[in-house]
Amino acid sequence: RPSVEPGQAGKQLLCIRDSSKNGTGVRPGPYSLVGEAAGPNPAWEPLKRDTFRVMEHGWQLMVPLRSRKESLQLPEAWRTLTIFVGRKPAGLPGTEEVDGEAWE
């Protein structure tokens, strides 16, 4: 989605939209620009249903946010996705073998 901000014409934005019944949450992650200011584990912000939300570098998604069977819910770490925008971030564990080639 192209940016509508002044001076940002042509810049592409990564947007998400939640249409699920159990919701999706977002928060600044440890690699975001506001990660340190937000603290070690900021609260999850629920997305408004069927509205777009711009995801910035280092932000995290929680899918699903709510569980129908609380005792059977997967651990939070398994439901969390961190967004990286731009080049491959340096210093992440397990990225030594990534060569940047598409695989089918």
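Trainee: Which residue does Gly-25 stand opposite in strand 3?

Mentor: In this model, which is a predicted one, Gly-25 stands opposite Pro-46 in strand 3. The strand pair behind that is strand 2, residues 25–28, and strand 3, which run antiparallel and are joined by two bridges.

Trainee: What order do the strands of the open sheet have?

Mentor: The open sheet has four strands in the order 3-2-5-6, and their pairing is antiparallel. Strand 3, which covers 45–46, and strand 6 stand at the edges with a single partner strand each, so one side of each is left without a neighbour in the sheet.

Trainee: And what holds strands of a sheet together in general?

Mentor: As a general matter, strands of a sheet pair through backbone hydrogen bonds, and they may do so in a parallel or an antiparallel way.

Trainee: OK, moving on to Leu-47: where is it found?

Mentor: Leu-47 is found in the loop between strand 3 and strand 4, the latter being 52–55. Leu-47 is buried, because its relative accessible area is 13% and the cut-off for buried is under 20%.

Trainee: What is Leu-47 in contact with, leaving aside its neighbours within four places in sequence?

Mentor: Leaving those neighbours aside, Leu-47 is in contact with Ile-16, Asp-18, Thr-24, Val-26 and Arg-53. As for Ile-16, that residue and Leu-47 are 31 residues apart in sequence, while their C-alpha atoms are 9.3 Å apart in space.

Trainee: Which residues make up the largest nonpolar core?

Mentor: That core has seven residues, namely Ile-16, Val-26, Leu-47, Met-55, Trp-59, Leu-61 and Ile-83. If we take Met-55 and do not count residues up to four places away in sequence, the residues it touches include Ile-16, Val-26, Leu-61 and Ile-83.

Trainee: You listed Thr-24 as a contact of Leu-47, so is Thr-24 buried or exposed?

Mentor: Thr-24 is buried, with a relative accessible area of 8%, and it is found in the loop between strand 1, which is 14–17, and strand 2. Its side chain makes a polar contact of 3.1 Å with the side chain of Asp-18. Not counting residues up to four places away in sequence, Thr-24 also touches others, among them Glu-45, Pro-46 and Leu-65.

Trainee: Changing topic, how many salt bridges does the structure hold?

Mentor: The structure holds three salt bridges. In one of them the side chains of Glu-76 and Arg-27 meet at 3.8 Å, N to O. Glu-76 lies in the loop between strand 5 and strand 6 and Arg-27 in strand 2, so this pair ties together parts that are 49 residues apart in sequence. Glu-76 is partly exposed, at a relative accessible area of 38%, whereas Arg-27 is buried, at 8%.

Trainee: What does Arg-53 form a salt bridge with?

Mentor: Arg-53 forms a salt bridge with Glu-45, and the closest N and O atoms are 2.7 Å apart. Glu-45 counts as partly exposed, at 37% relative accessibility. There is also a salt bridge between Arg-49 and Asp-50, where the closest N and O atoms are 4.0 Å apart.

Trainee: How far from Arg-79 is the nearest side chain of opposite charge?

Mentor: That side chain belongs to Glu-76 and is 5.2 Å away, and Arg-79 is buried yet has no salt bridge. Arg-79 is found in the loop between strand 5, 59–62, and strand 6, 80–82. Its side chain does reach the backbone oxygen of Pro-64, at 2.5 Å.

Definitions and conventions:
Residues numbered from 1 in each chain as written. Predicted model: local features only at pLDDT ≥ 70, side-chain atom pairs only at ≥ 80, totals over all residues. Heavy atoms only, no water. Buried < 20%, exposed > 50% of the residue type's maximum accessible area, 1.4 Å probe, protein only. Lys, Arg positive; Asp, Glu negative; His and termini not counted. Polar contact = N/O pair within 3.5 Å; in protein donor to acceptor, adjacent residues only side chain to side chain. Pairing = 2+ DSSP bridges. Contact = heavy atoms within 4.5 Å. Core = buried A, V, L, I, M, F, W, Y, C linked by side-chain atoms within 4.5 Å.
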